[in-house]
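Colleague: Hi! Could you put that chain up on the screen and talk me through it?

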Amino acid sequence: MSQKPIKYRYELTSDFKKLLKSLSFQNRDWLVEQYNRNRPFEDQVTADRFNEGKMAWELVDFQTLEPMVEVLMFGASKYSKDNWKKGQAITELLGSLFRHIIAFQNGEDLDKESGKSHIGHAMCNLMFIQYVLDHRGHFDDRKKGA
């Protein structure tokens, strides 16, 4: 009969933190290494970080963005790299976005011209719209106040 391992939670006392601050870097590194040994990651002593209010890029699943990148690569070879950054009318981008969404809704996964994902094309159009709003506002031709 095997026993379940017991998980302990270790908290640093203020005295231990004061001790760490008073040690030389070499001694501090050794002590932290000893403290961290055989502890789960969340209980280990790590470097201070002040990330509150900063973008949490770790929340993005970058692999899910691959269809968008494939469409961007197709566009770079058809036109030129970053051609889309020149901007275009938001209504044109919305038209393209809706065509890809409707094709996908109708059961078509891949665009006939590019052979790339309709979702990837839609993702690109949304990114292009946000880019226009952020950097090329003069292309914002939406009807305002309607």
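Colleague: Thanks! Let me jump straight in: is Lys-144 buried or exposed?

Modeller: Exposed, because Lys-144 has a relative accessible area of 59%, and over 50% counts as exposed. One thing to keep in mind throughout is that this is a predicted model.

Colleague: Noted. Which residue does Lys-144 form a salt bridge with?

Modeller: The partner is Asp-140, with the closest N and O atoms 3.1 Å apart.

Colleague: And which residues are joined into one network with those two by shared salt-bridge partners?

Modeller: Arg-142 comes in, so that Asp-140, Arg-142 and Lys-144 form one network through salt bridges that share partners. Between Arg-142 and Asp-140, the closest N and O atoms are 2.8 Å apart.

Colleague: How do Asp-140 and Arg-142 sit, buried or exposed or partly exposed?

Modeller: Asp-140 is buried, because its relative accessible area is 18% and the cut-off is under 20%. Arg-142 has 39% relative accessibility and therefore counts as partly exposed.

Colleague: How many salt bridges are there in the structure?

Modeller: Five. Another one of them is between the side chains of Lys-85 and Asp-82, at 4.0 Å from N to O. Lys-85 is partly exposed, with a relative accessible area of 30%.

Colleague: Where is Asp-82, then?

Modeller: Asp-82 is in the loop between α3 and α4. Asp-82 is partly exposed too, at 33% relative accessible area.

Colleague: What about the phi of Asp-82?

Modeller: The phi of Asp-82 is positive, about 65 degrees, although the residue is not a glycine. For background, most residues other than glycine have a negative phi.

Colleague: OK, let's step back to the overall fold. How many helices and strands are in the protein chain?

Modeller: Five helices and zero strands. Reading from the N terminus, the order of elements is α-α-α-α-α.

Colleague: How much of the protein chain do buried residues make up?

Modeller: Buried residues are 24% of the 146 residues. As for the outside, the protein chain exposes about 12,000 Å², and carbon and sulfur atoms supply 55% of that.

Colleague: And what share of contacts do residues far apart in the chain account for?

Modeller: Taking contacts with a separation of 6 or more, residues 24 or more positions apart account for 64% of them.

Colleague: Now the inside. Which residues make up the largest nonpolar core?

Modeller: It has twelve residues: Met-68, Val-71, Trp-84, Ile-90, Leu-93, Leu-97, Ala-122, Cys-124, Phe-128, Ile-129, Tyr-131 and Val-132. The elements giving two or more residues to this core are α3, α4 (90-105) and α5 (118-135).

Colleague: Which element gives the most?

Modeller: That is α5, with six residues. More broadly, nonpolar side chains tend to be buried together in soluble globular proteins.

Colleague: Cys-124 caught my eye. What does Cys-124 touch?

Modeller: Leaving out residues up to four places away in sequence, Cys-124 touches Met-68, Val-71 and Leu-72.

Colleague: Any aromatics worth a look? How many aromatic pairs does the structure hold?

Modeller: Two. In one of them, the ring centres of Trp-84 and Phe-128 are 4.8 Å apart with the planes at 20 degrees; under 30 degrees counts as stacked, so this pair is stacked. The pair links distant parts of the chain, since Trp-84 is in the loop between α3 and α4 and Phe-128 is in helix α5, 44 residues apart.

Colleague: And what about Trp-84 and Tyr-131?

Modeller: Trp-84 and Tyr-131 form an edge-to-face pair, 5.1 Å from centre to centre with 70 degrees between the planes. Tyr-131 is in helix α5, 47 residues from Trp-84.

Colleague: Are those rings buried or exposed?

Modeller: Trp-84 is buried at 18% relative accessible area, and Phe-128 counts as buried at 14%. Tyr-131 is buried as well. Ring pairs link Trp-84, Phe-128 and Tyr-131 into a cluster.

Colleague: Last topic, the surface. Which residues make the nonpolar surface patch?

Modeller: Met-55, Trp-57, Val-60 and Phe-62 make a nonpolar surface patch of about 470 Å². Met-55 is in the loop between α2 (25-36) and α3 (66-78), and counts as exposed at 67% relative accessibility.

Colleague: Great, thanks for the tour!

Note on methods:
Residues are numbered from 1 along each chain as its sequence is written. This is a predicted model: local features need pLDDT of at least 70, side-chain atom pairs count only at pLDDT 80 or more; totals for chains, interfaces and linings use all residues. Side-chain values use heavy atoms; hydrogens and water are left out. Patches are made of residues with over 30% relative accessible area and no salt bridge: like charges are joined within 9 Å, nonpolar side chains (Val, Leu, Ile, Met, Phe, Trp, Tyr) within 5 Å. Accessible areas come from the Shrake-Rupley method with a 1.4 Å probe; for residues, only the protein chains shown count as cover. Helices (H or I, at least four residues) and strands (E, at least two) are DSSP runs, numbered from the N terminus. Buried means under 20% relative accessible area, exposed over 50%, partly exposed in between (1.4 Å probe, protein chains only). A nonpolar core is a set of buried Ala, Val, Leu, Ile, Met, Phe, Trp, Tyr and Cys residues joined through side-chain atoms within 4.5 Å. Contact means heavy atoms within 4.5 Å. Rings of Phe, Tyr and Trp (its six-membered ring) pair if their centres lie within 6.5 Å; planes under 30 degrees apart count as stacked, over 60 as edge-to-face and the rest as tilted.
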